[in-house]
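Visitor: I should like to learn how to read the arrangement of chains and helices in a model. Could you guide me through it?

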There are 2 protein chains.
Amino acid sequence: MPVEHTVKEFEQELNRLNEIIAQMGALAETQLIDSLRAITDRDTELAMQVVKNDAKVDALESEIDDLTLQELALRQPVAVDLRRVVGALRASTDLERISDYATNIAKRAVPLNQMTPAGPIHGIHRMGGTVLNMVEDVLEAYGQGDAERAIEVWSRDEEVDEIYSSLFREILTYMIEDPRTITACTHLLFIAKNIERIGDHATNIAETIYFLVKGERLRGLRPKGDDASFAVVDVPRRD
Amino acid sequence: MPVEHTVKEFEQELNRLNEIIAQMGALAETQLIDSLRAITDRDTELAMQVVKNDAKVDALESEIDDLTLQELALRQPVAVDLRRVVGALRASTDLERISDYATNIAKRAVPLNQMTPAGPIHGIHRMGGTVLNMVEDVLEAYGQGDAERAIEVWSRDEEVDEIYSSLFREILTYMIEDPRTITACTHLLFIAKNIERIGDHATNIAETIYFLVKGERLRGLRPKGDDASFAVVDVPRRD
């Protein structure tokens with residue numbers, strides 16, 4: 001049924017999808033970088049910028065939604081083409097969530113910057129850097145359709161979960177030792193959780209890449225090192 | 001191209017999708033009910049049951065993934081049929097997340113039940129009830145393809161966000177007043193956040209129903225009353 005002309009048009013549409021994903025990815029990455037910087041540099045203006053920029057990512061997600069639906073309806077793709085369309089739809093959902101979590105981090109920078117600096121900001125910074133690397137690498141893997149690299153990124157989620165669990169305990173201990181830091185540390189707890197969730201979404205994108213390239217699922221094996229939900233912190237003694 | 005036989009088969013497949021969504025919905029709802037009960041009744045055994053049952057919901061999501069891909073590839077649906085397939089795909093993602101959040105609540109019940117009861121458990125219970133009603137109603141609306149009811153559920157998200165913001169402040173105040181409750185209250189903060197996120201996913205499903213029935217988007221207008229990220233709690237005085 002498809003004539004050469006149609007095939008070419010469809011190829012252009014698929015490329016357009018990839019372009020929007022790359023654009024969304026770059027924006028989401030910047031959102032994460034800026035939200036982390038807003039915390040470490042105590043830059044409230046930058047934080048407000050992140051909150052504002054979230055709408056741009058949302059707009060691109062809507063564009064992907066429309067485009068994929070249109071392609072499914074008009075081109076009725078199969079096999080790898082279908083996976084490319086569905087893959088773009090999935091990846092865009094994850095990128096929108098990444099920007100959303102970055103926005104949440106930025107929102108928390110606003111009250112944090114009004115308080116005395118407290119708690120393990122260094123731990124947040126380090127965890128943020130680890131997750132940022134995951135996001136960068138998974139976006140490159142997506143652009144290049146690199147399933148091996150996707151697996152590599154995917155396997156790093158466990159490390160993030162472990163950093164998160166340890167950071168969670170550290171922040172809690174901080175609060176217990178100095179209750180004046182409770183409000184600030186509560187924001188840090190949620191920031192740590194947001195960063196951990198961004199790592200999850202980078203991992204989702206890695207799964208999407210694998211599915212897109214290989215046509216099968218990279219699941220079930222997902223490593224899980226996060227046990228912060230089970231945390232019972234003993235009140236530390238510092239005599 | 002489609003002969004009567006094919007149309008009938010496809011209709012059966014679409015019904016099968018709806019059945020799985022209904023099954024997933026019922027399971028996710030039970031997960032939420034049980035996780036809340038595990039908190040209020042301090043029932044650790046029930047909490048562990050919720051953690052275990054999450055795998056069932058995950059398995060149904062995978063089934064929906066496979067089925068929708070197969071339908072897109074083989075049936076190449078258009079218009080309302082396409083929306084039904086894509087709608088099921090979206091709804092299943094939200095239901096999986098709802099069960100995931102319920103599981104997280106249940107995991108936190110385990111350490112909580114080992115501690116002295118602390119903090120505004122009543123507030124958690126009340127917020128949980130509100131969100132549970134949203135989940136119940138949105139699942140009924142999905143089953144009946146009821147766009148009006150979907151809008152009604154969708155409009156309730158603002159109320160949940162407001163309850164969450166107020167509960168967040170209440171828990172924080174509690175911690176500040178009695179630092180011995182910090183660990184317990186931290187779990188309550190995350191539980192409140194998890195319930196709020198479940199409300200978001202019920203709202204997403206409402207948007208999916210609207211899109212499925214009307215073929216256009218119910219967005220942009222989404223009410224937002226959650227400003228807990230901006231919270232700066234003043235240390236309360238209770239003299």
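Guide: The discussion below takes up the symmetry, a helix contact and a salt bridge of this predicted model.

Visitor: What rotation and shift superpose chain B on chain A?

Guide: In general, two copies of a chain are related by a rotation about an axis and a shift along it. Here, chain B is brought onto chain A by a rotation of 180° with 0.0 Å of shift along the axis, at an RMSD of 0.0 Å. The two copies are therefore related as by a two-fold rotation axis. Within chain B, B:Gln76 has the C-alpha nearest that axis, 2.6 Å from it.

Visitor: Through which surface do the copies meet?

Guide: Of the interface residues of chain B, 100% are also interface residues in chain A, so the copies meet through the same surface.

Visitor: How should the packing of α3(A) and α2(B) be described?

Guide: Two packed helices are described by the angle between their axes and the distance between the axes. Helix α3 of chain A (residues 79-112) packs with helix α2 of chain B (residues 44-75) at an angle of about 135°, and their axes are 11 Å apart. An angle of this kind means that α3(A) and α2(B) are therefore oblique to each other. The crossing of α3(A) past α2(B) is right-handed.

Visitor: Which residues make the contact?

Guide: From α3(A) come A:Leu82, A:Val86 and A:Arg90, and from α2(B) come B:Asp65, B:Leu69, B:Leu72 and B:Ala73. By class, this contact of α3(A) with α2(B) has five nonpolar, no polar and two charged residues.

Visitor: Where in chain B are the partners of the salt bridge between B:Arg16 and B:Glu63?

Guide: The side chains of B:Arg16 and B:Glu63 form a salt bridge with an N to O distance of 2.9 Å. B:Arg16 lies in helix α1 (residues 4-40) of chain B and B:Glu63 in helix α2 of chain B, so that the pair, 47 residues apart, links distant parts of the chain.

Key:
Residues are numbered from 1 along each chain as its sequence is written. Chains are lettered from A and ligands numbered from 1 in the order in which they are written. This is a predicted model: local features need pLDDT of at least 70, side-chain atom pairs count only at pLDDT 80 or more; totals for chains, interfaces and linings use all residues. Side-chain values use heavy atoms; hydrogens and water are left out. Copies are superposed by least squares on the C-alpha atoms of residues with pLDDT of at least 70 in both. Contact means heavy atoms within 4.5 Å. Axes are lines fitted to C-alpha atoms, for helices over the stretch in contact, and angles run from 0 to 180 degrees between N-to-C directions. Helices (H or I, at least four residues) and strands (E, at least two) are DSSP runs, numbered from the N terminus. Angles under 35 degrees count as roughly parallel, over 145 as roughly antiparallel, 65 to 115 as roughly perpendicular and the rest as oblique. A crossing is left-handed if the near helix is turned anticlockwise from the far one by less than a right angle, and right-handed if clockwise. Ala, Val, Leu, Ile, Met, Phe, Trp, Tyr, Cys and Pro count as nonpolar, Asp, Glu, Lys and Arg as charged, and the others, Gly among them, as polar. A salt bridge is a side-chain nitrogen of Lys or Arg within 4 Å of a carboxyl oxygen of Asp or Glu.
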